[in-house]
Amino acid sequence: MPPTSASTGAAASRRPRRGEGQWALGYREPLNKNEENKKNDDGLNVRRRIIDIYAKAGFDSIDPADLRGRLRWYGLYTQRAPGIDGGKTAVLEPEELDDRYFMLRVRIDGGQLSVAQLRAVAEISTAYGRDTADITDRQNVQLHWVRIEDVPAIWEKLEAVGLSTTEACGDTPRVILGCPLAGIADDEVIDATPEIQRVHDDHIGSPLFSNLPRKFKTSIAGCSVHCTNHEINDVAFVGVTGPDGAPGYDLFVGGGLSTNPMFAQRLGTFVRPDQLSEVWAGVCSVFRDYGYRRLRHRARIKFLVKDWGAAKFREVLEKDYLGYALPDGPAPELDPGTRRDHVGVHRQRDGRNYVGFAPRVGRVSGTKLARIADLAEAHGSDRVRTTADQKLVVLDVADDRVDSLVDALEAEDLQVRPSTFRRQTMACTGIEYCKLAIVETKARGISLIDELERRLPDFPEPITVNINGCPNSCARIQVADIGLKGQLVTDRGTGEQVEGFQVHLGGGMGLNAGFGRKVRGLKTTAAELPDYVERVLRRFLEQKADGEAFAQ
Ligand code: SF4
């Protein structure tokens, strides 16, 4: 339901002198280039142009407003032209950083893949993406080196198995996070699969939500260890047992990292499963109408939630959008927040097993994904899941097939019993492909894991090390034990500017929720990174009290 005329009238009378571009307060004129582009044409309309024009006429035919804007509505970003170092990221014009190839993000809502779907993604990677594939910490798969000419064929292949790239990027409702164990975990509060499906079917690709102030990240899960990190999503529905004993959801809004990180605020409402899609649309509509559009860096919902507070947000949602009050509800149980990744072999509630395993920093390949599909199928499973920690899980494995699957995965370097470092190090895309990056991340993350495994074998603590290539937080640096923010730093030996990291220490979620401390001067060059992390970890082991976590 849109805002009532009474509420918009009242809102307009409260119109601040210097507006933030909120539509509901009457600021409908675009206040920056991005808003102008979105007003000129809905991002969803670019699909037709890709099929009819760009794929036929090639890269040079792409309208610049589509190239650096609307293509994102279908998961396409130009990747970084090779060989441009991080020092040039901020000084070159966007077109000087553009490669003629694209990163393509395939949305995998709830991280749920059948073997056929995984195989389709694998085949697209090998046929059109130079065999590249990364599992992201939002359960997507990203491919690289994609040509615009091949996009229609890629969509055809994806859509034939029920996948898409619609609203995988852009100022839209992005992929919906869900627990990879939804429907199979013994201790889940609720299986959120129907609600994820419903929100997807009702709202993704709808022109009602295709022009948001900025991206909008959703998590819907009944996972007992909160593996989808509701604390840092724009909207999150967290499984709880309701006042009448039936399961439903607690509602959080306004979580986000990057600059001005904020944990999501609890609205204190109970949402029944059959209401969830409508409530999701209400929250998204509040963001669409009241979100700040003037400045891109203030356009996430967290800024609105911070200014309004949870009580006002709830009031506007209920009165102006839902038209009814939601009942109060209980808060979810807190979990220790240290390991949410579902790695290892564990029992399902139907007596079969799930097998979670860890590539390094999410990096796989089309060939490897095809191999995982083959292995799952050969071991009696038709269900593979991506996790929000750049990992994968095969479901439904019978007792007598587990050992064989574990051995076969480990033979592919996909470890089911990984070291702490393999298990809990994540890296964003970084300078290899990302135009915003200042430093390399994936290869560096992989070599850091190898070094730490060699130097600190059997390290006993669940330490997270997250590596970002720039001040954004795609790999969640502020909530890692050791968060590494890519930047240029001064090499003490040569005095030159080299790739390095600002270090954040002691972040976490769950019981230990807090943002890592950025200690002034705490920086390391990339070359010194393994030495630096080793020193921090050894000191922690020497000085920690019994049972003390890194973040305490
Ligand atoms: Fe790119 Fe920065 Fe995000 Fe890494 S954190 S993927 S470098 S925008």
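The following dialogue explains how to read helix packing, sheets and a ligand shell in one predicted model.

Biologist: What should I know about the numbering and the model before I begin?

Modeller: Residues are numbered from 1 along each chain as its sequence is written. The model is predicted, and local features need pLDDT of at least 70, side-chain atom pairs count only at pLDDT 80 or more, while totals for chains, interfaces and linings use all residues.

Biologist: How are helices and strands defined, and at what angle do helix 6 and helix 12 pack?

Modeller: Helices (H or I, at least four residues) and strands (E, at least two) are DSSP runs, numbered from the N terminus. Two packed helices are described by the angle between their axes and the distance between the axes. Axes are lines fitted to C-alpha atoms, for helices over the stretch in contact, and angles run from 0 to 180 degrees between N-to-C directions. Here helix 6 (residues 115–128) packs with helix 12 at an angle of about 160 degrees, and their axes are 7 Å apart. Helix 6 is therefore roughly antiparallel to helix 12. Angles under 35 degrees count as roughly parallel, over 145 as roughly antiparallel, 65 to 115 as roughly perpendicular and the rest as oblique.

Biologist: Is the crossing of helix 6 and helix 12 left-handed or right-handed?

Modeller: The crossing of helix 6 and helix 12 is left-handed. A crossing is left-handed if the near helix is turned anticlockwise from the far one by less than a right angle, and right-handed if clockwise.

Biologist: Which residues of helix 6 and helix 12 meet?

Modeller: Two residues are in contact if their C-beta atoms, placed from the backbone, lie within 7 Å. Among those in helix 6 are Val115, Leu118 and Val121, and helix 12 contributes residues including Leu369, Ile372 and Ala376. By class, this contact of helix 6 with helix 12 has 9 nonpolar, 4 polar and 2 charged residues. Ala, Val, Leu, Ile, Met, Phe, Trp, Tyr, Cys and Pro count as nonpolar, Asp, Glu, Lys and Arg as charged, and the others, Gly among them, as polar.

Biologist: At what angle do helix 15 and helix 16 pack?

Modeller: Helix 15 (residues 442–455) and helix 16 (residues 529–543) make an angle of about 50 degrees, and their axes lie 10 Å apart. Helix 15 is therefore oblique to helix 16. The crossing of helix 15 and helix 16 is right-handed. Arg444, Leu448, Glu451, Leu452 and Arg455 in helix 15 meet Leu529, Pro530, Val533 and Glu534 in helix 16. That contact of helix 15 with helix 16 has 5 nonpolar, no polar and 4 charged residues.

Biologist: How should I read the sheet with the strand order 6-7-8-9-10?

Modeller: Two strands pair if DSSP finds at least two bridges between them. This open sheet of 5 strands has mixed pairing. Strand 6 (173–177) and strand 10 (265–271) stand at the edges, each with a single partner strand, so one side of each lacks a neighbour in the sheet. From one strand to the next, the twist averages 25 degrees. Strand 7 (residues 216–221) and strand 8 (residues 235–241) run parallel, joined by 4 bridges. Ala221 stands opposite Val238 in strand 8. Helix 11 (residues 310–322) lies across strand 9 (247–253) and strand 10, at about 40 degrees to strand 10.

Biologist: What pairing does the sheet with the order 1-2-5-4-13 have?

Modeller: That open sheet of 5 strands has antiparallel pairing. Its edge strands are strand 1 (76–80) and strand 13 (363–365), each pairing on one side only. The twist averages 35 degrees from one strand to the next. Helix 12 (residues 366–378) packs on this sheet, touching strand 4 (132–135) and strand 13, and its direction makes about 80 degrees with that of strand 13.

Biologist: Which residues surround the ligand?

Modeller: A residue is near a molecule or strand if its C-beta atom, placed from the backbone, lies within 6 Å of it. The residues surrounding the ligand include Cys428, Cys434, Cys470 and Cys474. By class, the shell around the ligand has 6 nonpolar, 5 polar and no charged residues.
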